[in-house]
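Reader: I am new to this structure and would like a close look at a single part of it, with the surroundings explained afterwards. Please take one residue as the starting point and work outwards from there.

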Amino acid sequence: MFKPMMIMLASVALVFAALYGFVSFRSMMIGRFLASMANPPQTVSVTTAAYREWRPKFSAIGTFRAVNGADLALETSGIVEKIHFQSGQDVEAGKILVELRKDTDNARLEALKATAELNAINLRRDQSQLKIKAVSQATVDSDVANLRSANAQVVQQEAVIAQKTLLAPFAGRLGIRQIDLGQYIGAGTVIVTLQALDPIFLDFVLPQQDLNGVSVGQTIAATVDAFPGQSFTGKIDAISSKVDLASRNVQIRASLANGERKLRPGMFASVEIATGKPQRLITLPQTAIVYAPFGNSVFLAQKSEESADKKTPQGSGLVAHQAFVRLGEARGDEVSVLEGVPEGATVVTAGQVKLRNGAPLAISQEPSPPVDAYPKPVDQ
């Protein structure tokens with residue numbers, strides 16, 4: 001009986017050994033599989049941190065205004081007889097623009113002139129009669145008063161006639177004509193707008209705390225949506241003598257040369273005023289910043305401390321390292337970094353959502369989106 005017992009025990013031992021070996025082998029393979037899948041490389045876009053010179057500046061929103069601008073109208077009513085201008089025409093000061101029909105007024109003027117001439121003849125006659133005592137001094141005095149009254153009526157009628165002619169009060173560019181020949185217009189009806197375009201004013205406001213950084217004669221730069229990528233320079237002409245009580249802002253007026261007549265009154269403009277000396281700052285795309293309530297941070301791509309033979313085939317030998325930063329001024333798509341990123345560091349600009357400290361990285365070969373200091377939204 002001893003021999004069969006030994007055979008049975010040996011068989012049981014072999015079965016348990018086989019089961020143990022299978023379980024160990026399965027655990028080892030599962031561990032290797034999980035280890036290989038635990039931390040695959042994450043594809044990200046990167047940029048190199050570098051210094052740039054940024055000059056401190058104030059930004060504001062302004063509106064262009066003509067040095068001289070008016071909606072021209074006549075003081076009296078009447079029928080339009082002549083139009084001496086074209087829409088959009090440049091005119092000199094004093095040019096005749098519009099004439100109303102004035103036949104009746106001219107006839108009345110001639111009658112008043114005739115009356116004044118008659119009064120002058122009567123005065124001369126009575127003055128000669130006074131020398132021989134044929135008339136009294138009262139008669140001569142009455143003749144003098146009548147002549148003055150007649151002359152005043154002539155001047156008054158000439159003024160009435162002059163009111164029916166519209167003259168350009170200053171040199172500038174006309175707008176769109178609002179009347180037609182033969183049309184009856186009332187007093188005060190706008191006929192055309194006239195704007196002096198060169199130079200041109202730019203009015204804007206700044207908070208009272210920025211008042212110490214601006215002065216008369218300081219250079220400003222303005223940009224408008226109508227001419228993207230083009231900057232117009234000018235100088236500050238005046239600073240308001242008071243601060244608005246409601247907004248605590250101060251109004252500022254600058255003048256810009258406008259020889260090409262590109263800038264028009266009423267245009268919206270973005271204004272920048274450079275102040276102080278340029279500063280060397282590390283700048284990064286705003287997409288590189290991970291904003292959080294507990295502090296802002298970036299992910300740096302650094303060389304792995306592991307040996308090169310442990311790199312994954314898709315990896316680059318780089319791992320993610322999160323670094324907290326202190327940010328400065330932002331301009332468009334860029335932001336300045338005051339602390340936390342050294343010059344030359346490789347910073348992740350896209351793909352941070354899937355990163356954690358120590359995660360292996362694979363650098364994307366796709367080109368990064370352009371970084372613009374003055375981005376403009378574009379309809380797709």
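Author: Leaving aside its neighbours within four places in sequence, Ser-336 is in contact with Trp-54, Leu-281, Ile-282, Thr-283, Leu-327, Gly-328 and Glu-329 in this predicted model. Ser-336 belongs to strand 21, which covers residues 334-339, and it is buried, because its relative accessible area is 1% and the cut-off for a buried residue is under 20%. One of its contacts can be described in more detail: a polar atom of the Ser-336 side chain lies 2.9 Å from the backbone nitrogen of Glu-329.

How far the picture can be trusted depends on the confidence of the model, where the mean pLDDT of the chain is 85 and 91% of its residues reach 70 or more. Residues 307-314 are a stretch where pLDDT stays under 50, and the model has four contacts for them beyond four places in sequence. Where pLDDT is low, the predicted coordinates should not be read in detail.

Moving outwards, the largest nonpolar core has 20 residues, and those with the most contacts inside it are Phe-64, Leu-202, Phe-204, Leu-206, Ile-220, Leu-256 and Ile-273. At least two residues of this core come from each of several strands, among them strand 3 (57-66), strand 13 (219-223) and strand 15 (249-256), while the largest share, four residues, is supplied by strand 12. Leu-256 shows what such a position looks like, since beyond four places in sequence its contacts include Phe-64, Leu-202, Ile-220, Ala-222 and Phe-232. Apart from this core lies another, of 18 residues, which includes Leu-72, Val-80, Val-91 and Val-98.

Val-98 also leads to a sheet, for it stands opposite Leu-166 in strand 8. Strand 7 (residues 96-100) and strand 8 run antiparallel and are joined by three bridges. They belong to an open sheet of four strands in the order 8-7-5-10, with antiparallel pairing, in which strand 8 and strand 10 (184-185) are the edge strands, each pairing on one side only.

Strand 8 (165-167) is in turn part of what covers the buried residues of helix 3, together with helix 2 (103-131). Those buried residues are Val-140, Asp-143, Leu-147, Ala-150, Val-154, Gln-157 and Ile-161. An α-helix has 3.6 residues a turn, so residues three or four places apart point the same way. The 26 residues of helix 3 (residues 137-162) should span 38 Å at 1.5 Å a residue, and the end C-alpha atoms are 38 Å apart, so the two values agree.

Technical notes: Residues numbered from 1 in each chain as written. Predicted model: local features only at pLDDT ≥ 70, side-chain atom pairs only at ≥ 80, totals over all residues. Heavy atoms only, no water. Buried < 20%, exposed > 50% of the residue type's maximum accessible area, 1.4 Å probe, protein only. Polar contact = N/O pair within 3.5 Å; in protein donor to acceptor, adjacent residues only side chain to side chain. Contact = heavy atoms within 4.5 Å. pLDDT = per-residue confidence, 0-100. Expected span 1.5 Å × (residues − 1). Pairing = 2+ DSSP bridges. Core = buried A, V, L, I, M, F, W, Y, C linked by side-chain atoms within 4.5 Å.
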